[in-house]
Amino acid sequence: MATENIGRDKEDEVRTLTAEYDCDLVESPPDDLVCKICYCLSRDAQQTNSCCGQNFCKTCLERFVQSTVIYNNICPFCRQANFSFVADIKAQRQILNLMIHCANKELGCTWTGALRSLEQHLNKSVIAIKDGCPFSEVQCSSDCGVTLQRRLLEHHLNTGCQLRQVSCEYCNIKGSHRWITGEHQNKDCKKYPLTCPNCCDTGVIRREEMKKHLEVCPFVAMACPFSGVGCKKVLRRDRTSEHIELATIQHMECNRDSILHMQTELKELQRLLEIESSQLKSTQGSLKETQEKLDAKQGELDSVKQELRSVKEEFHFRLEETNTTIQQLQEQFECYVRGGTISSTLEQKSNDSNYMISSQCILLVKVSDFQQKRRQHEGWYSQSFYTSERGYQMRLYFNVSGIGKGRGSHVSVGAFLMKGDNDDNLTWPIKGTLHAQLLNQIADSNHVDINFEFGGNAYAYTKRVQSGSKSSSGCYCDQAVAHRLLGYNAGTNTQYLKDDALICCVVAFIPFTSL
């Protein structure tokens, strides 16, 4: 019964090693090698070791065990409960030694051998021509994509494979059969035989000689040599001479018509030439007139240049005068030497280049590096000064970028009280006005007045300084002068900012009691 089952179902496998091959047994196998569940040759044979000792397929037993709820875990053959099983190595070896026919028996293979040798015989993974079953299907070793029986492979490689290496029969270049018979011979082979595309009687022509042949081929269609004068005849090259002899009169008429046409065109060209000549003369006249105008303009330009030179000389003269005036002003500033009205303490501080003291004012303050201070919003304090020989001690504060209402648009100036030597003998809180001026640096006029009112009120900046060197607050003029007025102004002849510096003069302090 086991042999009949194997015959009916050739797709059953003996074990994992031979699972993919179909085969027929030469003789019926022993009954103890047949699975008692599927009644086929046992696959990966397993033996019960607690009851009857029968052989089963491993997969059949695993499926049977999974259904133990139904069968109450009894042996599938002897029905004993709680059975167990192990791999039957001896039975597996016997199965692999069984004699079988080749799986390609129906195709004509007469091989018989042990089941363990079947895979080596079929040798599907090896494409060698003489190894393995001649009826096994293999891939072409040239990777052309063809699958065929091993016995046909050699003939295929020699005669049928498109990728087999061959030589061109005309130029002996080697390559694949597909390339030689395709792209090479259809396009590239210079010795490939062709026939004249004009179907002349020359016969076979090599591709490399075709160009020269077409230059002399008698069947090439060409225009009549007199096509340039009007003959529209198109004929074969070998019939050109005959056509010229037969159409002589026609060609002469064509020549005559061509000459007449050329004469007409020549007259038209002469007419156009005369027009162009007339236009050229007119253009020459216009050019001459234009040249005269340019000469006149050049004369005017020379005159303007002369005037500019005169203006330049006048400018340099005025500039020298201005420099002289500035030098004189600087000399006047230097003449502001401190007189007997200022204490010897201030005279020792007047050597600083930013401060000058004269008999005409209390203190001259030079605020240098204006643009840098403006960019950095930097405040700057002047040297201290006394309002009189026994007066109050103060100093000025400058913020060129502006504070308060003058931020970003004006120069702000403040006056701060300081602890002085005369404080015990002075009236407090301070009452009076400190007068200062921002000097016009190009003329002795139009100075900007800056007044600081110390009104004697309860403000901190009017009280005597008790601790520290100066008051913590001051009297400010937030909008002393607008930034837009600092530069040179020709209309008012003013320039307060010059050489990146401002000059401020402290004029006087006038107590209210003296008013």
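This is a chat between a student and a tutor about a predicted model of one protein chain.

Student: Okay, where do we start? How many helices and strands does the chain have?

Tutor: The secondary structure comes to 12 helices and 24 strands. The chain has 515 residues, and 35% of them count as buried.

Student: And what does the accessible surface come to?

Tutor: About 31900 Å², with 50% of that belonging to carbon and sulfur atoms.

Student: What share of the contacts comes from residues 24 or more positions apart?

Tutor: Among contacts with a separation of 6 or more, such residues account for 47%.

Student: It's a predicted model, so what's the mean pLDDT?

Tutor: The mean is 80, and 84% of the residues reach 70 or more. Over residues 1-21, though, the pLDDT is below 50, and that stretch has 37 contacts in the model beyond near neighbours in sequence. Residues 335-359 also stay under 50, with 45 contacts beyond four places in sequence.

Student: Let's switch to salt bridges. How many turn up in the whole structure?

Tutor: A search finds 7. Several of the residues involved are in helix H10, including Glu268 and Arg271.

Student: Cool, how far apart are the closest N and O atoms of Glu268 and Arg271?

Tutor: They're 2.4 Å apart. In sequence the two residues sit 3 apart, about one turn of the helix.

Student: Why would that spacing help?

Tutor: An α-helix has 3.6 residues a turn, so residues three or four places apart point the same way. Side chains of opposite charge can then pair when their charged atoms come close.

Student: Are Glu268 and Arg271 buried or exposed?

Tutor: Somewhere in between. Glu268 is partly exposed, with a relative accessible area of 34%, and Arg271 is partly exposed too, at 41%.

Student: Which other pair in H10 is about one turn apart?

Tutor: Lys293 and Glu289, which are 4 residues apart in the helix. Their side chains meet in a salt bridge at 3.8 Å, N to O. Lys293 has a relative accessible area of 53%, so it counts as exposed, since the cut-off is over 50%. Glu289 has 44% and is partly exposed.

Student: What does Arg256 pair with?

Tutor: Arg256 forms a salt bridge with Asp257, and the closest N and O atoms are 3.4 Å apart. Arg256 is partly exposed at 48%, and Asp257 is partly exposed at 42%.

Student: Which residues are linked in a network of salt bridges?

Tutor: That would be Lys191, Arg206 and Glu208.

Student: New topic: which residues form a nonpolar patch on the surface?

Tutor: Leu266, Leu269, Leu272 and Ile275, with about 350 Å² of accessible area together. Leu272 is in helix H10, which covers residues 248-334, and its relative accessible area is 37%, making it partly exposed.

Student: What about helix H7? Which of its residues are buried?

Tutor: H7 runs over residues 177-188, and its buried residues are His177, Ile180, Gly182, His184 and Gln185. They pack against strand E9 (165-167) and strand E10 (174-176).

Student: I clicked on His435. Where does it lie?

Tutor: His435 is in strand E21, residues 431-438. It's partly exposed, with a relative accessible area of 24%.

Student: And what is His435 in contact with?

Tutor: Leaving out neighbours within four places in sequence, His435 contacts Ile450, Asn451, Cys505, Val506, Val507, Ala508 and Ile510. With Asn451 there's a polar contact between the two side chains, at 2.6 Å. Cys505 is 70 residues away from His435 in sequence, but the C-alpha atoms are 8.8 Å apart in space.

Student: Last thing: which peptide bond is cis?

Tutor: The one from Trp428 to Pro429, with omega near -10°. Pro429 is in the loop between strand E20 (410-418) and E21.

Student: And which residue between E1 and E2 should I look at?

Tutor: Try Tyr39, in the loop between strand E1 (24-25) and strand E2 (46-48). Its phi is near 55°, a positive value in a residue other than glycine. Tyr39 is partly exposed, at 34% relative accessibility.

Student: What's phi for Asp500?

Tutor: Near 60°, also positive in a non-glycine residue. Asp500 sits in the loop between strand E23 (475-482) and strand E24 (502-511), and at 29% relative accessibility it counts as partly exposed.

Conventions
Residues numbered from 1 in each chain as written. Heavy atoms only, no water. Buried < 20%, exposed > 50% of the residue type's maximum accessible area, 1.4 Å probe, protein only. Contact = heavy atoms within 4.5 Å. Polar contact = N/O pair within 3.5 Å; in protein donor to acceptor, adjacent residues only side chain to side chain. pLDDT = per-residue confidence, 0-100. Patch = residues over 30% accessible without salt bridge, like charges linked within 9 Å, V, L, I, M, F, W, Y side chains within 5 Å. Areas by Shrake-Rupley, 256 points an atom, 1.4 Å probe, with all protein chains shown as cover. Salt bridge = Lys/Arg side-chain N within 4 Å of Asp/Glu carboxyl O.
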